[in-house]
Amino acid sequence: MSGSSPDTFAAIAGLVKARAGIVLTPDKGYMLDTRLAAILRRGNFASLAALAQALRDPRGEPLVRDVVEALTTNESSFFRDGKPFEHVKRILPALHAARPAGARLRIWSAACSTGQEAYSLALLLADQLPALAGRQVDILGTDLSREVVERAREGVFSQFEVQRGLPVQMLVKHFIQEGGKWRIKPALRAMCRFEERNLLGEHRGLGGFDLIFCRNVLIYFDTPTKAKVLAALAAQLAPDGALYLGGAETVLGLTDRLVPLPGERGVYGPAPALARSA
Amino acid sequence: MRRSALVVDDSRVVRKAARRMLEGFGFSVREAEDGEQALIACRAEALPNVVLLDWNMPVMDGITFLRAARAEFGADRPPIVLCTTESEFSRIVEALQAGAQEYIMKPFDATILGGKLAQIGLLDAAEVPA
Ligand SMILES: C[S@@+](CC[C@H](N)C(=O)[O-])C[C@H]1O[C@@H](n2cnc3c(N)ncnc32)[C@H](O)[C@@H]1O
């Protein structure tokens, strides 16, 4: 039984859509009850309706943030889906060869959640790409949610998290055990930078990237939002770079600025300029 | 050919849970209650494709079995995945040095087990539940 009336649901869902692009369909009404329970308790709100009322108050900005963040899904794991990282291993030597000496390779984990994706890339670079020795690689992780960005910066993972996708040899080589938790070693931590960033915003200030990971976040957006975000990502991608999407995501029918890389699943490159209609 | 697993654990509950997960991944499963039984099982039939191995057991513990198996059957045959409440860094390193392929710190679930099996090439990553 959901504790939100249709009006309350519409108000909160509308807010989340406007702020994060995330579409909550009415069958997800239970999410309001489960995900917002802590906020109700903390703020002493009698009901979701009372919370929705408070969210209308222009001074309620911190509360709006909290609600939007609580309704994001932050599931992630190391080397998620495996295959994209195999592709990274294959493409990075080519990018390395194509760049002038001294230029940095730049990788963006857009919607990085708690950092496993960014750190997987750092682990891969450290262990498996000695061919890149001497080439500086910067990994930027960004996410809308302040809470997950803070956790990503910490670089500390639970026993459960380090057992999802991470080979044990990498665990003992690159993490330090602290009580029941595992902290990524400073050398790998130093390869990654994390900041808050909304995908719906403007990204030109970030500069260009050789590789962009944007996985398992477009699934929450509606079609126009997906199209807009993909076009914005394409604008930051190097002509010989690659964009990685999640298993249930595609560019097809959403943008003509990106095309699937032949023979790969979920990997896209910028469309040749001539093929673009806009 | 159906892949086979040998589950070595003195807890019937753990063996049962592991069996259910492994069968879910399409493995045929044999069970042993300690290292000695496990050695006998390994000698009796074809080596399993993977051994899921507890550490603390009566009669013969996991690390003793691991060393014996490496001496008797080979450096990476059969593949052995420790599956234990021992979660100290030094223990994990000890098991790896003794020739374990992977290491699971209990408690675990099908995602963790499946991921580890994928890690050692016995399962496709796509078969692992998210
Ligand atoms: C399911 S996680 C995916 C994490 C990682 N990319 C992966 O595939 O494992 C989705 C992340 O997208 C973030 N997110 C949702 N809407 C966003 C937006 N508009 N801008 C930036 N991040 C957003 C959420 O906070 C969440 O951490």
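**Notebook: helix packing and the chain interface**

I looked up the partners of helix 2 of chain B and found that Gly35(B), Ala38(B), Leu39(B), Cys42(B) and Arg43(B) meet Phe65(B), Ala68(B), Ala69(B), Glu72(B) and Phe73(B) of helix 3 of chain B. I sorted the residues of this contact by class and noted seven nonpolar, one polar and two charged. I record here that the model is a predicted one.

I then turned to the geometry of this pair. Helix 2 (residues 35-44) of chain B and helix 3 (residues 62-73) of chain B have axes 10 Å apart and pack at an angle of about 20 degrees. Helix 2 of chain B is therefore roughly parallel to helix 3 of chain B, and I noted their crossing as right-handed.

Next I examined chain A. For helix 5 (residues 83-98) and helix 6 (residues 116-128) of chain A, I read a packing angle of about 50 degrees and an axis distance of 11 Å. That angle makes helix 5 of chain A oblique to helix 6 of chain A. I entered a right-handed crossing for helix 5 and helix 6 of chain A.

I listed Phe85(A), Val88(A), Lys89(A) and Leu92(A) on the helix 5 side of chain A, meeting helix 6 residues that include Leu121(A), Leu124(A) and Leu125(A). The contact of helix 5 with helix 6 of chain A comprises six nonpolar, two polar and two charged residues.

Finally, I checked the interface between the chains. Chain A and chain B bury about 1,400 Å² between them, with 57% of it on carbon and sulfur atoms. I noted 15 residues from chain A and 19 residues from chain B in the contact. My search for salt bridges between chain A and chain B returned zero.

How values were computed
Residues are numbered from 1 along each chain as its sequence is written. Chains are lettered from A and ligands numbered from 1 in the order in which they are written. This is a predicted model: local features need pLDDT of at least 70, side-chain atom pairs count only at pLDDT 80 or more; totals for chains, interfaces and linings use all residues. Side-chain values use heavy atoms; hydrogens and water are left out. Axes are lines fitted to C-alpha atoms, for helices over the stretch in contact, and angles run from 0 to 180 degrees between N-to-C directions. Helices (H or I, at least four residues) and strands (E, at least two) are DSSP runs, numbered from the N terminus. Angles under 35 degrees count as roughly parallel, over 145 as roughly antiparallel, 65 to 115 as roughly perpendicular and the rest as oblique. A crossing is left-handed if the near helix is turned anticlockwise from the far one by less than a right angle, and right-handed if clockwise. Contact means heavy atoms within 4.5 Å. Ala, Val, Leu, Ile, Met, Phe, Trp, Tyr, Cys and Pro count as nonpolar, Asp, Glu, Lys and Arg as charged, and the others, Gly among them, as polar. Buried area is the accessible area (1.4 Å probe) that two parts lose on being put together, summed over both. A salt bridge is a side-chain nitrogen of Lys or Arg within 4 Å of a carboxyl oxygen of Asp or Glu.
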